[in-house]
Amino acid sequence: MLRQALPEIKTESLPGPNAAAVIARRSAAIPSAIRCAYPVVIARGEGAMIEDVDGNRFLDWIGGVGVLNIGYTHPEVVEAVKEQADRYFHGMFNIVTHEGYVALAEKLCSIVPVQGDKKRAFFANSGAEANENAVKVAKAFTKRPNIIVFSGAFHGRTMLTMSMTAKKAYAKGMGPFPDGIYRAKFPYLYRNPEGLPKERELDYYLESIQSVFEEATPPEQVAAIVVEPLQGEGGFIPAPLPWVKALRSICDQHGILLIADEVQTGFCRTGKMFASDYWKAEGAAPDILVTAKSIAAGVPLSAIVAREDIMEAVPGGVIGGTYCGNPLACAAALKVIEVMERDHLADRSAEIGRVARERFLRLQENYPVVGDVRGLGGMLGLEFVIDPESRQPNPAFVNNLVQEAVRRGLMIESAGTYGNVIRFLAPLTMTDEQLAAGLDILEASIQALL
Ligand SMILES: Cc1ncc(COP(=O)(O)O)c(C=O)c1O
């Protein structure tokens, strides 16, 4: 069974003949701007495994970039979607009420760790759309025009979220951009400015928020501060909890809403159902939580959750959309959450993360190209450098590593401002044998390149 299988490359080279034919058709029919670095054409997926159209089997540690925490085609999720498909696909929520939307909103209100007792939730189709909606909600509630985002942030590719996203390669030639978005420094502790004493580092990053208040927008004009609890595209950089607590205090002091972008960190990825559960335990829960990706195991869906008085400040007509909260997606999400809770996938994430981190730390000891190992639960990053002293980023090594690993049947992806981080986003339903096989392939690939 593919679900339990180990990686196996059967064709002499990659892509195999059937995959090569589809990839050639892709090149002819689809803009090359929609890039793909992998010679893989999927025929089916189960758990953490992909079988391609030539019968090659890959262990997928990218999981659709964090979409498949529950794995490909979880049988119970497939059943829930089929059962819903037999009844109706679409029920636009401004026209008819469908119970799946209501039940999912109720469930999220009961588990999402935002501040407040009474909460409300609504849905969109993608992470970017959800972030746009969260900003709209924050502006409606605070009646303020500006937001603060961070260096290294990724929030999406729509006009607003492209402007919120730090890396300008994602927005090349797309200006003019919306006004009122200001950027402070995210605590990327591995790349602190030279000479910054350890005990000063958090103050240094907090001062950059004060600088925004002084030089760009007064705090009373700021509706929200938007932050990823663990930056994804930015290089798998966790936000230190003491910094988050300070951020919470700044928000409280100035009546600013704290928005957690949990598009990539949500749904058990970091060892809790949401990374903001760690914040809540420190008394620093966000005001609005945005999530997407793994919420519905690959059926497009995203969610925005906040306490009732914040949500109720939004004027009618400002939020919503044709497909938002699609019935198939809601059915999938309800089953995903049920399975995650029942099967303790947050604990499994912590366990997978523990095993992988141990091995990654050994790689760091043995191979000087591994500069840093970091993350939370099953969301880990390995930062590659030329050497540990200079910490100069080594994106060339990472690009080669991605290709070497896929030739051996392991799919991994790069991330980071400098493209020099390997991200670990393996499905949490991966078996122990698959995890061990993947770790061996990763090490063998590093060795082969050295
Ligand atoms: C933290 C974060 N926010 C937003 C997005 C955008 O999500 P989408 O691609 O679904 O629009 C992503 C996607 O990678 C993300 O990682």
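**Group meeting: the ligand site, the two domains and some odd backbone spots**

Okay, so let's start with the shell around the ligand: three of its residues are nonpolar, six are polar and four are charged. Before I go on, keep in mind that this is a predicted model.

Who comes nearest? Out of the 13 residues around the ligand, that would be G127, A128, D261, Q264 and K293. If you look at where the shell comes from along the chain, helix 5, residues 127–142, gives the largest share, with three residues.

Now the polar atoms. G127 has a backbone N or O atom sitting 2.8 Å from an oxygen atom of the ligand. A128 does something along those lines too: a polar backbone atom of A128 is 2.8 Å from a ligand oxygen. With K293 we're talking side chain, where an N or O atom lies 3.0 Å from an oxygen atom of the ligand. And how much of the ligand is covered? On its own the ligand has 390 Å² of accessible area, and the protein covers 84% of that.

Right, zooming out to the domains. The chain splits into domain 1, which is 2–60 plus 344–449, and domain 2, which is 77–342. So you can see on screen that domain 1 is written as two stretches of the chain. Between the C-alpha centres of the two domains there's 27 Å. In the contact, domain 1 puts in 32 residues and domain 2 puts in 27 residues.

How big is the area buried between domain 1 and domain 2? About 2,300 Å², with carbon and sulfur atoms giving 56% of it. On the domain 1 side, the three residues to click on are L376, M379 and R391: together they supply 28% of the area that domain 1 buries against domain 2, more than any other three residues.

Last bit, for those of you who like checking backbone geometry. There's a cis peptide bond between L14 and P15, with omega at about -5°. P15 is in the segment before helix 1, which runs 17–29. Then there's a cis bond from G175 to P176, where omega is near 0°. Where does P176 sit? In the loop between helix 6 (159–164) and strand 6 (181–184).

And one for the Ramachandran fans: V65 has a positive phi, near 60°, and V65 isn't a glycine. You'll find V65 in helix 2, residues 63–66.

That's my tour, happy to take questions.

How values were computed. Residues are numbered from 1 along each chain as its sequence is written. This is a predicted model: local features need pLDDT of at least 70, side-chain atom pairs count only at pLDDT 80 or more; totals for chains, interfaces and linings use all residues. Side-chain values use heavy atoms; hydrogens and water are left out. A residue is near a molecule or strand if one of its heavy atoms lies within 4 Å of it. A polar contact is a pair of N or O atoms within 3.5 Å; within protein, one must be able to donate a hydrogen and the other to accept it, and residues adjacent in sequence count only if both atoms are side-chain atoms. Accessible areas come from the Shrake-Rupley method with a 1.4 Å probe; for residues, only the protein chains shown count as cover. Helices (H or I, at least four residues) and strands (E, at least two) are DSSP runs, numbered from the N terminus. Ala, Val, Leu, Ile, Met, Phe, Trp, Tyr, Cys and Pro count as nonpolar, Asp, Glu, Lys and Arg as charged, and the others, Gly among them, as polar. Domain bounds come from an automatic or database domain assignment. Contact means heavy atoms within 4.5 Å. Buried area is the accessible area (1.4 Å probe) that two parts lose on being put together, summed over both.
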